[in-house]
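I opened this notebook to record what I looked up in one structure, entry by entry. Each entry begins with what I wanted to know and ends with what I found.

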Amino acid sequence: MRLDKFLGTAFTRSEARKLIKSGAVTVNGVTAVKADFKVDENSDTVICGGEQIVYREFIYLVMNKPAGFVSAVWDKKQRCVTELLRDEHRRFEPFPVGRLDIDTEGLLILTNDGALTHELISPKKNVVKKYFAVTDLPMEDADAELFASGMDLGDFTALPAKLEFTENKNEIYISVSEGKFHQVKRMCEKCGKKVTYLKRVSIGGLHLDSALKCGEYAELTKENLTSQIYSV
Ligand code: URA
């Protein structure tokens with residue numbers, strides 16, 4: 001790959017080009033002054049300013065999404081979750097895995113790994129997403145039965161879902177294995193209740209870290225991320 005692309009792991013493309021031009025970069029001990037110099041990311045040693053640069057193609061981030069941000073990389077009107085990322089992560093061009101509504105908070109994965117994204121959002125993989133919801137009216141036992149039976153929502157029939165009660169019947173946990181548009185809100189609406197607050201608390205065995213404040217995020221390795229998700 002081109003040397004400037006390789007350095008994209010650590011710098012913006014324009015920073016990388018400037019560094020290369022200035023003679024600050026060596027490949028296998030030899031100064032490389034051309035941005036299109038070809039490097040092998042697996043075997044070449046690239047040093048910049050005395051530090052070895054290790055190439056990585058993908059990043060994996062877990063965010064505690066705040067309300068008020070859309071799960072997108074670009075939007076005409078609204079702020080996007082990617083605006084919450086620092087440059088060092090944004091330069092990898094990560095995108096959200098699945099979608100949380102603008103007013104939904106909680107666990108959101110962002111990555112630039114398309115294959116993993118595809119895997120995680122595929123209903124075939126049956127990755128369960130768990131939400132904490134507050135409703136305007138108390139949910140009832142009959143609602144839990146309706147959830148479990150696979151609810152007909154008109155344009156699709158939801159896979160069986162789980163409704164768990166807390167001490168307060170307006171505050172419930174709902175686990176679904178699909179990610180259809182407004183799914184949880186629509187399921188509650190079908191039971192005659194309106195969701196007034198929604199937060200995703202887990203994706204498979206990956207739980208929202210209570211140390212992550214709203215709007216904060218952490219970087220994980222792919223192995224760490226997937227082993228947690230599939231640890232159920
Ligand atoms: N279901 C919803 O209704 N909204 C979300 O943001 C996620 C799941």
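The entries below go from the whole chain to two helices, and then to single residues.

**Entry 1: the whole chain.** I note at the outset that I am working with a predicted model. I counted secondary structure and found seven helices and 15 strands in the protein chain. I then looked up the radius of gyration, which is 22 Å and so well over the 17 Å that the globule rule gives for 232 residues, and I therefore record the chain as more spread out than a compact globule. The C-alpha trace spans about 70 × 35 × 35 Å along its principal axes. Buried residues make up 45% of the 232 residues, and the chain exposes about 12,400 Å², of which carbon and sulfur atoms supply 51%. I also looked at sequence separation: among contacts between residues at least 6 apart in sequence, 65% join residues at least 24 apart.

**Entry 2: helix α4.** Which residues of helix α4 (residues 114–121) are buried? I found Leu116, Thr117 and Leu120, and they cover an arc of only 105° around the axis, which puts them on the same side of α4. I set beside this the general rule that an α-helix has 3.6 residues a turn, so residues three or four places apart point the same way. On the other side of α4, I found Ala115 and His118 exposed. Following the buried residues outward, I saw that they pack against β5 (60–65), β8, β9, β10 (129–135) and α7 (222–229). At the start of the helix, I noted that a side-chain oxygen of Asp113 reaches to within 3.2 Å of the backbone nitrogen of Ala115.

**Entry 3: helix α5.** I asked for the buried residues of α5 (residues 141–149) and obtained Asp143, Ala144 and Phe147. Seen down the axis of α5, these fall within an arc of 100°, so they line one face of the helix. Glu145 and Ser149 are exposed on the other side of α5. The buried residues pack against β11 (162–165), β12 (171–176) and α6 (183–190). Just after the helix, Gly150 takes a positive phi of about 85°.

**Entry 4: Lys193.** Is Lys193 buried or exposed? I found its relative accessible area to be 5%, and because the cut-off for buried is under 20%, I list Lys193 as buried. This lysine is found in the loop between α6 and β13 (195–203). I then looked for polar partners: the side chain of Lys193 makes a polar contact with the side chain of Asp143 at 2.9 Å, and Asp143 is one of the buried residues of α5 noted above. In addition, the backbone oxygen of Cys191 lies 2.9 Å from a polar atom of the Lys193 side chain. Leaving aside neighbours within four places in sequence, the contacts of Lys193 include Thr135, Asp136, Leu137, Pro138 and Cys188.

**Entry 5: cysteines.** How many disulfides does a search of the whole structure find? It finds zero. Cys191 is in no disulfide, and the nearest cysteine sulfur, that of Cys188, is 6.4 Å away. Cys191 counts as buried at 11% relative accessibility, and Cys48 also counts as buried, at 8%.

**Entry 6: Glu105.** I looked up Glu105 and placed it in strand β9 (residues 105–111). At 17% relative accessibility, Glu105 counts as buried. Leaving aside neighbours within four places in sequence, Glu105 is in contact with residues including Lys65, Arg200, Lys199 and Cys214. I also checked the pair Glu105 and Glu178, which are 73 residues apart in sequence and 18 Å apart in space, C-alpha to C-alpha.

**Entry 7: positive phi outside glycine.** I closed with backbone angles. Asn28 has a positive phi of about 50° although it is not a glycine; Asn28 sits in the loop between β1 (25–27) and β2 (30–31) and counts as partly exposed at 45% relative accessibility. Glu93, likewise a residue other than glycine, has a positive phi near 55°. Glu93 lies in the loop between α3 (87–90) and β8 (95–96), and at 63% relative accessibility Glu93 counts as exposed.

How values were computed
Residues are numbered from 1 along each chain as its sequence is written. This is a predicted model: local features need pLDDT of at least 70, side-chain atom pairs count only at pLDDT 80 or more; totals for chains, interfaces and linings use all residues. Side-chain values use heavy atoms; hydrogens and water are left out. Helices (H or I, at least four residues) and strands (E, at least two) are DSSP runs, numbered from the N terminus. Buried means under 20% relative accessible area, exposed over 50%, partly exposed in between (1.4 Å probe, protein chains only). Contact means heavy atoms within 4.5 Å. The arc is that of the directions from the helix axis to the C-beta atoms. A polar contact is a pair of N or O atoms within 3.5 Å; within protein, one must be able to donate a hydrogen and the other to accept it, and residues adjacent in sequence count only if both atoms are side-chain atoms. A disulfide is a pair of cysteine sulfur atoms within 2.5 Å. The radius of gyration is taken over C-alpha atoms; the globule rule is 2.2 Å times the number of residues to the power 0.38. Accessible areas come from the Shrake-Rupley method with a 1.4 Å probe; for residues, only the protein chains shown count as cover.
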